[in-house]
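The following exercises concern a single protein chain. Each task is followed by a solution in steps.

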Amino acid sequence: MPATTNRPFLGGNWKMNLRLASAVELAEEVHAALSAIPLASKVDLVVFPPACYLQAVGRAIGHGPPSLGAQDLSAHLDGAFTGQVSGAMLDDLGCGWVLVGHSERRHGIGESNAVLRTKLERALAAGLKVVLCVGETLAEREGGHARSVLVGQVRAGLSGLDRGVFGSLVLAYEPVWAIGTGRTARAEDAAEAHRWIREEVADLYDPGLAAATRVVYGGSVTAENAAELFSRPEIDGGLVGGASLKVDSFAAIGRAAASRASHG
Ligand code: PGA
C-alpha cells in the first residue's frame, strides 16, 4: 500500500469532563494555541466537547481552529427519543463533525454494528463529517483475532456506502486496551492495523480509495509519543482523549500533526 499524503486529522475527545466555565476556558486556550501553529490550516483540528457545552464552546472557538464536533448522535431523526440528540440538532449548533462507534459506546454501552451503521448514515445525511472508531479488545488481540475484528467493524460500517462520502469520513483505529490506560500501541503495531483497515477498504472498493481514506490512531496518545506515531506513513493523525484536556499537550500533538502536513 503506498504511503498516503492525506490531510492530517487531529481530534480532541473531551468525553464527560469539565464544566461550563472550564470548557469555555479550555476552548479559548486551545483556539489561541492552535491558531499559532504554522500549517494549522492544513490539518483538520477538531474538539469534541460534551453535548451540553457544544454551543458555548462553539462560540469560544468562533471560526476555529479547532472545528466543533460531537461525541455521539442519535440513530433517529426526530421524535420520542428521550435524552437523545439528532444529527440535525448538532448541525444546528454548528458542529461539523461527530464521533461514531467510540469504544466507550460500542463496548461500554453495547452499541451494535447495525446501530452504528445507522448513526453513520444519519450523520452524513445531516451534513456532518464522521470519525468512525474501530478497535479490538485485549482478549481479541491476545487471541489473534485483531485483524478479523477490525475487518468486521470496517465492513459493517462502510460496505455499500457511496464512494463520494469517503471525503467526509475519518477512520480511527482505537485499540480498546490502549484507551485511557497509558498503554499506547507500539507504532509498528498501530501501523500494521492501519494497513489491515486500508486493505479492507481496498477489498470493498479499490486501492486508490483506500489510500485516500484517512485513518488515524487513538489510545493514550501524548505529547511525548505523537511525533513517532504520526511519522508512520500509514497514520494520518490521531484521536486524543486525556491529553486533549490540557492545552499544552494538545497543542504539542497538534504541532506533530502539522509537521506531517509539511512532509505530505
Ligand atoms: P485516551 O483516549 O487518549 O485518553 O486514551 C482516546 C480516545 O478515547 O479517543
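## Exercise 1: Loop residues with positive phi

Task. Determine whether Leu39 is buried, partly exposed or exposed, and describe the backbone at Leu39.

Solution. Step 1: Leu39 has a relative accessibility of 32% and therefore counts as partly exposed. The classes are set as follows: buried is under 20% relative accessible area, exposed is over 50%, and partly exposed lies in between (1.4 Å probe, protein chains only). Accessible areas are obtained by the Shrake-Rupley method with a 1.4 Å probe, and for residues only the protein chains shown count as cover.

Step 2: the model is predicted, so local features need pLDDT of at least 70 and side-chain atom pairs count only at pLDDT 80 or more, whereas totals for chains, interfaces and linings use all residues. Residues are numbered from 1 along each chain as its sequence is written, and side-chain values use heavy atoms, with hydrogens and water left out.

Step 3: Leu39 is not a glycine, yet its phi is positive, at about 70 degrees. Leu39 is placed in the loop between H1 and strand S2 (44–48). Helices (H or I, at least four residues) and strands (E, at least two) are DSSP runs, numbered from the N terminus.

Step 4: Lys15, also a residue other than glycine, has a positive phi near 50 degrees. Lys15 belongs to the loop between strand S1 (9–13) and H1.

## Exercise 2: Cis peptide bonds

Task. Identify which residues the cis peptide bond with omega of about 0 degrees joins, and state where Pro66 lies.

Solution. Step 1: Gly64 and Pro65 are joined by a cis peptide bond, with omega about 0 degrees. Step 2: the bond from Pro65 to Pro66 is cis as well, its omega being near 0 degrees. Step 3: Pro65 sits in the loop between helix H2 (54–61) and strand S3 (67–70), and Pro66 lies in the loop between H2 and S3.

## Exercise 3: Salt bridges

Task. State how many salt bridges the structure holds, and analyse the pairs of Arg163 and Arg198.

Solution. Step 1: the structure holds 18 salt bridges. The criterion is a side-chain nitrogen of Lys or Arg within 4 Å of a carboxyl oxygen of Asp or Glu.

Step 2: Arg163 pairs with Asp206, with 2.6 Å between the closest N and O atoms. This pair links distant parts of the chain, 43 residues apart: Arg163 is in the loop between helix H7 (146–158) and strand S6 (169–173), and Asp206 in the loop between helix H8 (187–204) and helix H9 (207–212). Arg163 is partly exposed at 44% relative accessible area, and Asp206 is partly exposed at 23%.

Step 3: Arg198 and Asp236 form a salt bridge in which the closest N and O atoms are 2.6 Å apart. Arg198 lies in helix H8 and Asp236 in the loop between helix H10 (226–230) and strand S8 (237–240), so the pair ties together parts that are 38 residues apart in sequence. Arg198 is buried, with 2% relative accessible area, and Asp236 is buried at 0%.

Step 4: Asp72, Arg105, Glu111 and Lys119 are joined into one network by salt bridges that share partners.

## Exercise 4: The negative patch

Task. Determine which residues gather in a patch of negative charge on the surface, and which helix gives the most to the negative patch.

Solution. Step 1: the patch consists of Glu25, Glu28, Glu29 and Asp248. Patch members have over 30% relative accessible area and no salt bridge, and like charges are joined within 9 Å. Asp and Glu count as negative, with the charge placed at CG of Asp or CD of Glu.

Step 2: helix H1 (residues 20–35) gives the most to the patch, with three residues. Glu29 is found in helix H1 and, at 35% relative accessibility, counts as partly exposed.

## Exercise 5: The chain as a whole

Task. State the radius of gyration that the chain has and what a compact globule would have.

Solution. Step 1: a compact globule of 264 residues would have a radius of gyration near 18 Å, and the 17 Å of the chain agrees. The radius is taken over C-alpha atoms, and the globule rule is 2.2 Å times the number of residues to the power 0.38.

Step 2: along the principal axes, the C-alpha atoms fill a box of roughly 45 × 45 × 35 Å. Step 3: of the 264 residues, 52% count as buried. The secondary structure comes to 11 helices and eight strands.

Terms used. Patches are made of residues with over 30% relative accessible area and no salt bridge: like charges are joined within 9 Å, nonpolar side chains (Val, Leu, Ile, Met, Phe, Trp, Tyr) within 5 Å.
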